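Reader: Could you take me through the pockets of this model, with a close look at what lines them? I would be glad of one connected account.

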Amino acid sequence: MARQQERARRTRAAIIRSAAVEFGKSGYAAASLNRILEGSRATKGAMYFHFDSKEDLARAVLEAAVDRYRTSTERWLTRTDLGPLDVLHGMIDEIALRLENDIIIQAEFRLIIEPEFYRDIQAGGGRILGRAIRQLAVKATEHKQLRPDADPDRFTRTLAAALAGQRYIADVLTGPADLRARFAEALEVIVDATATPEWTEEFRRIGWRVSARLEDLNLGL
């Protein structure tokens with residue numbers, strides 16, 4: 001029984017990964033179930049055992065992406081060896097790293113801009129990231145890294161929009177875009193407008209204290 005359950009889990013994971021590749025390349029409407037099956041090496045019967053439809057499969061990809069966002073943000077939020085803004089930089093750097101290397105996160109970004117999944121934006125990875133950004137903005141004010149008049153909601157909205165904009169722009173540029181550099185640039189512009197002089201002076205001397213590492217990410221299911 002345990003062996004059968006493990007085989008079923010691996011089959012389901014393989015189908016989700018193949019679906020993420022297909023949705024990331026083709027979008028939802030043009031995605032082919034046959035190509036998903038070929039990529040997963042699963043049978044049609046196995047696919048319909050785990051998923052009722054292409055939409056059901058897409059939602060499984062979205063759920064997997066939410067788990068990725070939750071894992072990333074929670075790991076950074078538990079760091080006690082760094083100040084809030086360095087934690088924020090590390091967390092955003094990791095999201096950029098995932099957008100460059102994680103097929104699940106890449107597929108989620110492609111799916112949520114399709115009409116069938118507009119409503120999923122409110123419950124998706126962006127919402128998890130936004131909550132984490134706001135939490136760190138509040139902490140940064142308490143630690144006197146951001147000025148007392150810095151509005152955490154305004155900070156969060158502006159940064160979240162800047163990151164999304166950088167990701168969209170990367171799609172229309174010719175050649176690969178360095179999302180990590182672009183995300184850091186967006187963060188630095190917004191922080192520079194709201195940071196205390198003391199933090200700014202220290203940052204100009206030291207820079208960011210930590211960055212994300214690809215080897216720390218679990219890209220499997």
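Author: Happy to; here is a walk through the largest pocket, followed by the second largest. Please keep in mind that this is a predicted model.

Let us begin with the largest pocket, which holds about 550 Å³ of space. Its lining is made up of 22 residues. If you would like to find its centre on screen, look for G125, G126, R127, A160 and A164, the lining residues that lie nearest to that point. Several helices take part here: α5 (84-101), α6 (103-111), α7 (125-142) and α8 (152-172) each bring at least two residues to the lining. Of the contributors, α7 gives the most, with 6 residues. As for chemical character, the lining of this pocket has 13 nonpolar residues, alongside 5 polar and 4 charged ones.

Now for the second largest pocket, with a volume of about 300 Å³. Here 16 residues form the lining, and those closest to the centre are A64, D67, R68, G220 and L221. The elements supplying two or more lining residues are α1 (2-26) and α4 (54-77). The largest share comes from α4, which provides 7 residues. Sorted by class, the lining of the second largest pocket has 8 charged residues, 5 nonpolar and 3 polar.

To set the two side by side, the largest pocket counts 13 nonpolar and 4 charged residues in its lining, while the second largest counts 5 nonpolar and 8 charged. For a first look on screen, you might display α7 for the largest pocket, where this helix gives the most to the lining, and α4 for the second largest, where that helix has the largest share.

Terms used
Residues numbered from 1 in each chain as written. Predicted model: local features only at pLDDT ≥ 70, side-chain atom pairs only at ≥ 80, totals over all residues. Heavy atoms only, no water. 1 Å grid on protein atoms, 1.4 Å probe; cavity = no way out; pocket = protein on both sides within 12 Å on 5 of 7 lines; lining within 4 Å. Points joined across faces, edges and corners; volume = space filled by probe spheres on them. Helix = DSSP H or I, 4+ residues; strand = E, 2+ residues; numbered from the N terminus. Nonpolar A, V, L, I, M, F, W, Y, C, P; charged D, E, K, R; others polar.
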